Structure formats: C-alpha cells, structure tokens
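I opened my notebook to look up how the strands are arranged and what packs on them. My notes follow.

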Amino acid sequence: MLIAADKFKGSLTAVQVAERVTAGLRRVVPDLTVEALPVADGGDGTVDAAVAAGFERREVRVAGPLGEEVTAAFALRGRTAVVEMAEASGLQRLAAGVFAPLTASTYGSGELLRAALDAGARTIVFGVGGSATTDGGAGMLSALGARFLNEGGEPVSPGGGGLADLARADLSGLDPRLSSVELVLASDVDNPLTGPKGAPAVYGPQKGASPDDVETLDAALAHFAKVLEAEAGPRAAEYAASPGAGAAGGIGYGALLLGARFRPGIEVMLDVLGFAPALERASLVITGEGSLDEQTLHGKAPAGVAAAARAAGKEVVAVCGRLALPTEALERAGIRQAYPLTSIEPDVARCIAEAGPILEDVAERIARERLV
C-alpha cells in the first residue's frame, strides 16, 4: 500500500494526510504494510514533502515579500536542493487580508537560492507557486547579483510596480555559480509572462490586484522584458512568451533567464522523492488533495500520481475534502474512485475543522471496500 497524497490546504499537511490514512487503514488491517510518500507539485508544502522523503531541512533568514526578515527553509540531500519560493515570498508570509500586489518582492527567494548554492547544491529544484508577488522575478535576480536601475542610476522600487521606472538592467554581477548548476523550474502552470493569459491577468486578482493594478503590472512586466532584451538579447523576449514564464507572478521568467529548465512540478517531485521504486512495491495507491476539481486535472499532484501509477498498471483511489469531478473525469485521469470527507460529514465547515478524524473514517471505509 502506497499513500502518495498532497496536503489538504488549510486543514492537513501532506504528512498528516498520510498519517491519518494509515491509522484508518490499520483499524481494519492492523498488520498492513504501508509506505507513505507525501507529495507536492512545486507549490507550498514542497520542502516538507522533500524532508519527509529523507532530505535535510535547512533554515535561513531571508527577506519576506515586504522586506521584513523571516525564517525560511529549503531541503538538501547530497548535491540536490529543493527550494520553495513560497517559503520566502508566498502569500502565507502576509498577514490575513493583507495584500501588496504592486510592491511585494521575490528578493527572499533569490536569497534562498543563494543559500542552496552556499550549501553545495549542484542541482536545484525550484518549486514555484503560492506567491504574494508579481515582479517577474526581478527581486530574485537582484538578490543573486543583478541590478535594475532607473533613469537616475538608482535601483527601482521593489515589486512589479517599480519596474515601470526601469531604464537599464545589468546582469553582469549574477552569481557565477549559477552557470554550473542544473536549475529546474518546477511548476503546475504554463502561462506566459504577460497578456490575457499572463501572470498579472490570471493570478494578480488572487494577490489583491484591482483591474487597474493588473493593467499596471502587465505593462510593467512587458517593459521589464523589453529592457532585458537590450541586455540579454532576443532570448529575453522568447522566455517571456515561454510556458512557465508567468508562474508565481512571473518568477518563472526570472528563472528561465538564469537558464532553468521548465518541467511540470509534480513530475519533477516524483522523480526527486523516489516515487518509481515505491510504486513498484505497491499493490494499491492512495493519492489525494483538499479539493479534487477541474484544476486537479491540470498538473496537480493527484493527477501526476495517477498518471504514473496507471502507466505502471497500478490501481489508484483518491481521498479529498471535496469532490467536484464526475466519475468519468476521474477515470480518465486514472483514478478508480474518490472518497471525499463530505461523504461521511456533509457539513463542509466541520470537514475543514475536523479533517483528521474524518479522514481516518474515510480510510477505514477504503480498507473495508478494497482490502478485506
């Protein structure tokens, strides 16, 4: 039995999901062999998933999205590091109800990357998602040695809004170690940097951006890419239109400028976490996340787990808080059946507040139906 589930956002971490499912299964089959491999798709929870798989947790002090100092973590095993931008620059770093769409910066994410380099990493999996920022990765690049200057030769203000004043970009001071590192951009979104499907238009409103803010940010990021074209050549324009450039407020664009290779986040994480050998040992796979919905089908962790398991001829079922997919869509994704918490407790508020005990009951039901 392999449990490879993502977090139930706002209720349970991926590690806690695995623990609760294991407890419920063992109520029915006490001596059941269970292997837990908490997974993530590159967004928040990615470092925790790596640590659960045996990576070492490293903590550093970096700048949060508004410049305040925060303690952020990355994961390290040998020469491979897993860096999660949300640890430094995520919405989780802002107080409830506080947004800063024009001024939030990814500077701390660059500091996290630098800490991974200092720790000896030669492969860096850079998981992006859950950002508070829309600065095109300018803050991150600044932390790694780039300079973004206004007409007066002064650094532009932090955040995407400040890029409107950009007159010159200088990438000559970028950390030279970056040229000898394999940097993998792990994301579940393939948006370009700007335009109707770009970072400001699609994700800006989630970060508190008004329609006027979206317009301002889109123009500022387009200007950013234009100025970088003068510094870095045509590739800067090519990267702006590339899939993944718009990930996490455009930090994907900054990563591509550093030479990153874009891959779907869940694919990268399954490789890093050692999913293939664990899958070989499994007779049944349980995956899941808080809400199984249309987004799940577009690169989220359960869809990635199910696709890999189906390719290996393994049966997959899913647990979730809420189910918003028809049976046909689940089957197309490779999931035989889904077990939502709401099938036991119809009150959604209670499902969120008491997710752990209810999930154990759900897992007991799976054991009775699938294992006995």
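**Entry 1: strands E1 and E2.** I am working with a predicted model. I began with strand E1, residues 2-3. It runs parallel to E2, and 2 bridges join the pair. I then looked up Leu2 and found that its bridge partner in E2 is Glu35.

**Entry 2: the sheet around them.** Which strands make up this sheet, and in what order? I wrote down 5 strands in an open sheet, ordered E2-E1-E11-E12-E13, with parallel pairing. Strand E2 (35-36) and strand E13 (337-340) are at the edges; each has a single partner strand, so one side of each lacks a neighbour in the sheet.

**Entry 3: helices on that sheet.** I checked helix H12, residues 301-311. It packs on the sheet and touches strand E11 (284-292) and strand E12 (315-323). Its direction makes about 160° with that of E11. Helix H15 (residues 355-370) lies across E11, E12 and E13, and it runs at about 150° to E13.

**Entry 4: another sheet.** I noted an open sheet of 6 strands, in the order E3-E4-E5-E6-E9-E10, with mixed pairing. Why does one side of strand E3 (56-63) have no neighbour in the sheet? E3 stands at an edge with a single partner strand, so that side is left free of a neighbour, and the same goes for strand E10 (261-264). From one strand to the next, the twist averages 30°.

**Entry 5: inside and on top.** Strand E6 (residues 123-127) runs parallel to strand E9 (residues 182-187), joined by 5 bridges. Gly127 has Ala186 as its bridge partner in E9. Helix H10 (residues 265-273) packs on this sheet, touching E4, E5, E6, E9 and E10. I read its direction as about 90° to that of E10.

Terms used. Residues numbered from 1 in each chain as written. Predicted model: local features only at pLDDT ≥ 70, side-chain atom pairs only at ≥ 80, totals over all residues. Heavy atoms only, no water. Pairing = 2+ DSSP bridges. Helix = DSSP H or I, 4+ residues; strand = E, 2+ residues; numbered from the N terminus. Contact = heavy atoms within 4.5 Å. Axes fitted to C-alpha atoms, helices over the stretch in contact; angles between N-to-C directions.
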